[in-house]
Amino acid sequence: MSMHSEILNTLPIERPCDPLSMPALTLAYLGDTIYDLYVRTYLAETQYLKVHALHLEAARRVCAKGQAEAYYRIADLLSEEEQAAFRRGRNAHSGTVPKNADVRDYRVATGLESLFGHLYLKGEDRRIGELMRLILEQFETTGKETDHDVSKE
């Protein structure tokens with residue numbers, strides 16, 4: 001059973017939502033949590049640090065720049081449907097951008113979050129795991145995100 005199915009079994013709702021009928025920013029809202037859970041779990045399992053240091057490491061990876069870097073790691077591996085979910089999120093305008101985030105990074109990060117929200121609602125836990133494994137391997141091999149120049153995209 002997928003995590004989404006397990007959560008739905010505990011909620012007093014009649015039927016699950018179709019990710020295609022849900023606003024892209026709502027998908028990003030869910031996807032941000034999924035992404036964050038994977039990163040924090042990875043850090044807790046692999047880094048023997050105090051909680052504050054774990055938080056700082058997580059923040060570095062879950063910020064707009066870190067998520068944009070993660071997207072570029074997996075971009076070529078996405079299906080048409082996954083690319084469409086990403087584009088919906090990237091093209092959605094929230095009206096605000098954090099003051100310390102580049103607008104392009106922020107939009108790419110929102111697209112990545114939207115992709116993970118879409119996959120989550122579809123119950124595609126295995127696919128989320130495959131994509132996150134590739135992203136987390138990047139942390140393992142480099143210890144940090146790559147320096148992809150988003151201005152060339």
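Student: Why is Arg 61 called buried?

Tutor: In this predicted model, Arg 61 has a relative accessible area of 4%, and buried means under 20%, so Arg 61 counts as buried.

Student: Where does Arg 61 lie, and what makes its pairing with Glu 57 a salt bridge?

Tutor: Arg 61 lies in helix H3, which covers residues 51–62. The closest N and O atoms of Glu 57 and Arg 61 are 2.5 Å apart, and a salt bridge asks for a side-chain nitrogen of Lys or Arg within 4 Å of a carboxyl oxygen of Asp or Glu, so the pair qualifies. The side chains of Arg 61 and Glu 57 also make a polar contact at 2.5 Å, a term that requires N or O atoms within 3.5 Å.

Student: How far apart along helix H3 are Glu 57 and Arg 61?

Tutor: They are 4 residues apart in helix H3, which means a separation of about one helical turn.

Student: Is Glu 57 buried or partly exposed, and how do you know?

Tutor: Glu 57 has a relative accessible area of 25%, and the class between 20% and 50% is called partly exposed, so Glu 57 is partly exposed. Besides Glu 57 and Arg 61, a network of salt bridges includes Arg 60.

Student: How many salt bridges does the structure hold, and why can such side chains pair?

Tutor: The structure holds 8 salt bridges. Side chains can pair because they carry opposite charge and their charged atoms come close.

Student: What makes Arg 40 and Asp 36 one of these salt bridges?

Tutor: The closest N and O atoms of Arg 40 and Asp 36 are 2.8 Å apart, and the cut-off is 4 Å, so the pair is counted as a salt bridge. Both residues lie in helix H2 (residues 24–46), where they are 4 residues apart, about one turn of the helix. Arg 40 has a relative accessible area of 40%, and since partly exposed lies between 20% and 50%, that is the class given to Arg 40.

Student: Which parts does the salt bridge of Glu 81 and Lys 122 tie together?

Tutor: The side chains of Glu 81 and Lys 122 meet at 2.6 Å, N to O. Glu 81 lies in helix H5 (residues 80–91), while Lys 122 lies in the loop between helix H6 (103–121) and helix H7 (125–142), so the salt bridge ties together parts that are 41 residues apart in sequence. Glu 81, at 39% relative accessibility, counts as partly exposed, and Lys 122, with a relative accessible area of 37%, is partly exposed as well.

Student: What is the distance between Cys 17 and Lys 122 in space?

Tutor: Their C-alpha atoms are separated by 9.0 Å, although the two residues are 105 residues apart along the chain. Cys 17 lies in the loop between helix H1 (3–10) and H2, and with a relative accessible area of 42% it falls below the 50% above which a residue is called exposed, so Cys 17 is partly exposed.

Student: What makes H4 mostly covered?

Tutor: In H4, 9 of the 11 residues are buried, among them Ala 64, Gly 66, Tyr 71 and Ile 74. Arg 73 is also found in helix H4, but at 37% relative accessibility Arg 73 counts as partly exposed.

Student: Which residues does Arg 73 contact, leaving aside its neighbours within four places in sequence?

Tutor: Arg 73 is in contact with Leu 134, Ile 135, Glu 137 and Gln 138. The side chain of Arg 73 reaches the backbone oxygen of Leu 134 at 2.7 Å, and a polar contact needs a distance within 3.5 Å.

Student: How is the packing of H4 and H6 described?

Tutor: Two packed helices are described by the angle between their axes and the distance between the axes. Helix H4 (residues 64–74) and H6 pack at an angle of about 60°, with their axes 8 Å apart, and their crossing is left-handed. By class, the contact of H4 with H6 has 11 nonpolar, 1 polar and 3 charged residues.

Student: How many helices and strands does the protein chain have?

Tutor: The protein chain has 7 helices and 0 strands, and buried residues make up 40% of its 153 residues.

How values were computed. Residues are numbered from 1 along each chain as its sequence is written. This is a predicted model: local features need pLDDT of at least 70, side-chain atom pairs count only at pLDDT 80 or more; totals for chains, interfaces and linings use all residues. Side-chain values use heavy atoms; hydrogens and water are left out. Helices (H or I, at least four residues) and strands (E, at least two) are DSSP runs, numbered from the N terminus. Buried means under 20% relative accessible area, exposed over 50%, partly exposed in between (1.4 Å probe, protein chains only). A polar contact is a pair of N or O atoms within 3.5 Å; within protein, one must be able to donate a hydrogen and the other to accept it, and residues adjacent in sequence count only if both atoms are side-chain atoms. Axes are lines fitted to C-alpha atoms, for helices over the stretch in contact, and angles run from 0 to 180 degrees between N-to-C directions. A crossing is left-handed if the near helix is turned anticlockwise from the far one by less than a right angle, and right-handed if clockwise. Ala, Val, Leu, Ile, Met, Phe, Trp, Tyr, Cys and Pro count as nonpolar, Asp, Glu, Lys and Arg as charged, and the others, Gly among them, as polar. Contact means heavy atoms within 4.5 Å.
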